[in-house]
Amino acid sequence: MKQGNGTTHSIPHNVPFRRIVILSDYGSPWLNAVTAVTCATLPCLSALSNGWCEKRGNVVVASKLDSPRVLIPAEAGVAPDGTSCSSLSSLSAVCRDLADGSNIASRIFFTADAASNPRAQTFAPSVEDDLFVYVSAWSAEKDAAHLALRSLSNMFGATSFGIGASGVLTGPCGVPRLIILADESTRNSVCETARHLSNWCVLSCIVPSFAPPAFNHQLAASVVRECDVVCGVLECVALGVALGTVKRLPFGFMDPVCVMPLDAAISTALIAFLQRLKGGPAAVCGGTSATIIIGSPSDSAFVWGMFAQYLMDYYGRVGLLALKESQLRWLFDTSPALQLNADFMNWVNYGTSTMMPFRCYYDNAAARRRKQLMEHYPHSNVARKVCGTLTNIDTRIHNMVKLTQHSEPTGQHDGERVNKQGKPNTAGFYSDLLRAVEQDVALRPLYPYISLSCIRWDVFVKVIAQSVLEHAARQIAGHPTVVPPPLPLYHNDIIFYGPQRAPRNCLLTRFFPESVRWAQRSGLRPNGVLVAAEPGLTEESLACILQRPSIIQVVKKTAKAEGVTEEDVLRRATAILRGMGDNLNQLNVRVFGLMVRKALFRLFDRVSLNASAFERLHAATTQPRTHVMLLPAHRSYIDFIIMTYLLLVMGLTLPHVCAGDDFLRMGQITKLMRGSGAFFIRRTFRDDPLYTALFKEYIHNLVLRKQMIEFFIEGTRSRTGKTQRPMLGVLKFIADTLVNAQEAIDDACILPVSLSYDELLETKLYAAEQLGLSKPRESVGNLVRASSVLSRRHGKIHVHVAEPLSLRSFCHNPSQCPEGFEPVTGGVTAAAPNKSSDGEGARSPSHIPKQVLTNIAWHVTHTLQDNTIITPTALLAAVLGTLSPPAGCMSLREAQAKMLWLRDHIIRRRAHVSEDCVNNNGEELSRMALFHLAEFVETRVEAGETWVAMRQDSRAPLGVAICSNQLIHVFVDEGVVALVARASGELSDNKKTARVSTDLLKRECELLRTLLAGEFQDYLPWCPYTYASWFKYAVTRLLAHDDIHNDGTVTLEGGGSAESTNKVKKGDPYAVASEPRLHDSEDIVIHFTRRFRFITGILYPFVESLYVVSVAVAAVAETHVEHLLRRRPLLLACQKWALELCNEKRLVVHIQSCGSVALKSAFTSIMEFIGLKSRTEEKDLVYILPIPPNGLETQLQPVTEQLKKLLRPLIKVKEEEEREARNHMVNVYKKIQMSSKRASRM
């Protein structure tokens, strides 16, 4: 997410060194190699220094620095003299399993003896350019001498420098710099050796114990799998459990796991070092040396109870099950266990076990298993390896137990720790460093790389578990094997049915039922604490809102205007807030979650997430000083609950969800929804200043408390399957609050979430509503009646979490637009921030300019649309809706071929398609689609051939259109150009091609694009890019994407020619050819092919709606005696009239164009185009007609004529027939007007 500029002190985005020199001791080659690879791939360095991870030779592993050395590239494998070192061999083993291993190895160099390699490049250490790093761990006895450190004492001459009063390093710039990372086992010896480096600037970072790199799971797996001996405590415990020799640990469930991943430790040390050079929180101790402790118990974000849960989840579901029947079953325990010390509350949170109290039982079981392993291959090399492995495991666990017993109590500040002499051993604090990075806007993107709470501990632990199994199989048994990859803990919570669902965890000894066990573990963070669930409205927040100056002022005005007392208005305000606010709490979340879970398991097969979904949600919820907004697409009632359910099972922050007050009629369901985070607002409250002020302050209160808010920017469910026009109300309230609260919150992270369904539950209802059925009320009775949908499964829910948008970024750059387009520029300025965090004392609170809000809203809806997952249902629906023969019936084989053709075109355009679309053939795709379209599509067999057709039901075409609209955004730009080109171009003699000039096409497309703004939000007036850049993009897209099966082309003729062939690249069936260049003097020739028929066919219903509305408005304006045009009766009359025309097969071809939503969108677009003024009367829009009224008809005539020209291939409109239809429309409108007046009198 882009971050804006901050006012706090920040480090420039460049580092004061060009190379990292890793000091290598001969006793720890594996550690040196892992450190080198970690430094070469460190995201922290890439953020601080652009291109760091691409620079060759930016990491050097050096040894024997007291003698001349030369540089040897790691990719060479050996030195020129043919010798090799153990660190080089270790690095080759680590990089072997990495996808980018060869590239990483090319950036790392090793040092070798200069005398043996005279032609190699000389290694010349530099004070200005080099940062020296020394890592010591695990082998305290072997490397107590630390020869690599000792060789530094005389490397550079004595340098005079000191520490200023502010703690900033002073003196000459040529000061050698050293970072030491050591664990507790080597801490004393390392610190003693470092005392001799009096002329060095040294920062020592002490960690309890190192773990493999955590931010790159592929690197972590390679490190554990390829090492000679597992050394870290996590790896040793995981291996001991797998072997069956560790069944109990002397830790409590809530005892912290005192480990620090290597990459997090190095990142923390680097940032602390840079902060120290600039006088940051890493203060100086002992002259020129400083020591900080990271990963201490007080800093831990991970506990042993969660480690055991993650480990046993992997072993019980996939890990050891894969080895049960293999030749390695003698090595691994097929029924492992890992028990911890537990008190009563641990049993409540984690579930009880009948064997928890029996420590002796587990100790004896581990001893028997140890004996069994030793006796399997007695007196053999395997036995010796097993013995060495078990001894190593025992040593590491013993050291961790000893460390835990001697560490300070949890919560004690690490600065209070003292060494054996009673002197402070640290003057810099890890927690202080985290706070400094939080406060620094420039450094804040680095926060995820140093904070332990940002690590994905569940997958990290399972990667270690997978790797130790493969390590033991190869290193001990000598049988390399591959075990299944890890699955996230929530995997079976989103895979409801099917082969992808993981096996039940066979290692659970809990005797709680599955549902109770789910309620216990859901929302547990890696630190063993439940995810926070804070009510949106408490008694304190209620009192705080009512005491706000803005509320007091509105209460006084309302009391004066209504002639009542202020106490009466306050009572009403209190009732409004209590009806509005949510009561988010753990109990209701879990009770309602169980109900939702049960319903989802019966309704759907799975929730399909994009690969980056969890990472983006996790990063957003852990980003400091940032408010998070979830903005999902709105297609179904399921949208209300799916994101809360996903966040709960993922253990992430729970949102407060904005819902309509329609749900207040649902009794106990309403209470459960309110307790699960739903707050309820009216559909409209523009004319109620008291309600507006209360809602604004309620949002203000949630934002200041850093509570995540989820709302639907479209306002209501889309009845057409397309993304709707954004509503700015809630977004404006949140944005204005953030502008005026910058002391507490620096930015807003906006997460658009696209939702789509294989089968939308409400499709049939939406089709009926568009034909005039009233929307059913939200009530318990209707909920019970809708329970019939539980009788079968309805496919998958597709969730795509997009890259976050930054509010601060839009404020600093309001004219942002998608890449490749030219932005619309013009007087948009950002709001000036208000210094007050709560708005009090400010005469005029700042507001986000409307241009900024509209641009954000446009980007959100554009992202929701572009990330919509296209399903097999949409493919078949689009084929039947646009490519069916005139008879409306298509053979199944033809439908399958066209589905594959359409799928390939969609993939070529880089749109998102579901896994089912990619991985299945036409037969399977059609089977899935027919199952989900069963209410609208039927099949029949005639003469041995299966035929597909829409059902003879007026709702069937609308239902099919709703499903096909899932993919319409992929082709709409091309469709506009193709439709206009067909209408304005010159037809060839054989009627198979049309030629049109680029200039004419550009002029004609602008009108149609403007009129379609009501249907396609990308064409809204506040679209952030210019029309010229859109036209260039649309035409280029039309020219670039040729038909795959050579059934037609679009070519350029006249003043120029296409400068690239539109052929698919060999070897890539979905590759897109390079884009042809477009010149204004060219003519475009379009061939009327299947592709042309499809991209124009998807737009014809919308053009028909525009034509129907334009004719209806002109007819009413011509004869109406009043100078008002009422929207509701006009649309009712227009729909009734259009349906009659469609049934009579006159003027209207598609019943979809008669839908209420399509007519309303067309009406809105035409009113905006002609610029009629409007006002609200009796909850309906009333437009003021010009004088004389026939002036409106004059304005609409060119629009109507252009629409008729576009529809010419479908219908031949005769003047007499149109005049008769207009008169009939006027009569229908008058009847509806009269009936509505009689109803109002009654």
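## Strands and a hairpin

Two strands pair if DSSP finds at least two bridges between them, and strands themselves are DSSP runs of E with at least two residues, just as helices are runs of H or I with at least four, numbered from the N terminus. With that in hand, look at strand β27 (residues 945-950), which runs antiparallel to strand β25 (residues 889-891) and is joined to β25 by 3 bridges. Here methionine 890 stands opposite valine 948 of β27.

Strand β26 (residues 937-942) is also antiparallel to β27, with 6 bridges between them. Glutamate 942 has glutamate 945 in β27 as its bridge partner. The hairpin of β26 and β27 has 2 residues between the strands, and alanine 943 takes a positive phi near 55° there.

## The model as a whole

This is a predicted model, in which local features need pLDDT of at least 70 and side-chain atom pairs count only at pLDDT 80 or more, while totals for chains, interfaces and linings use all residues. Residues are numbered from 1 along each chain as its sequence is written, and side-chain values use heavy atoms, leaving out hydrogens and water.

The protein has 45 helices and 34 strands. Of its 1242 residues, 58% count as buried, where buried means under 20% relative accessible area, exposed over 50%, and partly exposed in between (1.4 Å probe, protein chains only). Contacts (heavy atoms within 4.5 Å) reach far along the chain: among those with a separation of 6 or more, 81% are between residues 24 or more positions apart.

## Salt bridges between helices

A search of the whole structure finds 54 salt bridges, each a side-chain nitrogen of Lys or Arg within 4 Å of a carboxyl oxygen of Asp or Glu. In one of them, glutamate 470 meets arginine 225, with the closest N and O atoms 2.6 Å apart. This pair links helix α16 (residues 457-475), home of glutamate 470, to helix α7 (residues 217-226), home of arginine 225, across 245 residues. Glutamate 470 is buried at 7% relative accessible area, and arginine 225 is buried at 18%. Glutamate 226 and arginine 474 form another salt bridge, at 2.8 Å between the closest N and O atoms. Because glutamate 226 lies in α7 and arginine 474 in α16, this pair ties together parts that are 248 residues apart in sequence. Glutamate 226 is buried at 8%, whereas arginine 474 is partly exposed at 27%.

Further along, arginine 1091 and glutamate 974 meet in a salt bridge (3.6 Å, N to O). Arginine 1091 sits in helix α40 (residues 1090-1097) and glutamate 974 in helix α37 (residues 968-984), 117 residues apart. Arginine 1091 is buried at 4%, and glutamate 974 is buried at 0%. Salt bridges with shared partners join Arg909, Glu974, Arg1037 and Arg1091 into one network.

## A mostly covered helix

Helix α26 (residues 689-704) has 16 residues, and its end C-alpha atoms are 22 Å apart, in agreement with the expected 22 Å; that expected span is 1.5 Å times one less than the number of residues. The helix is mostly covered, with 12 of its 16 residues buried, including Tyr691, Phe695, Glu697 and His700. Just after α26, lysine 706 takes a positive phi of about 60°.

## A buried serine

Serine 1165 is in helix α43 (residues 1156-1170) and counts as buried, at 2% relative accessibility. Leaving aside residues up to four places away in sequence, serine 1165 touches Leu1011, Ala1013, Gly1014 and Leu1106.
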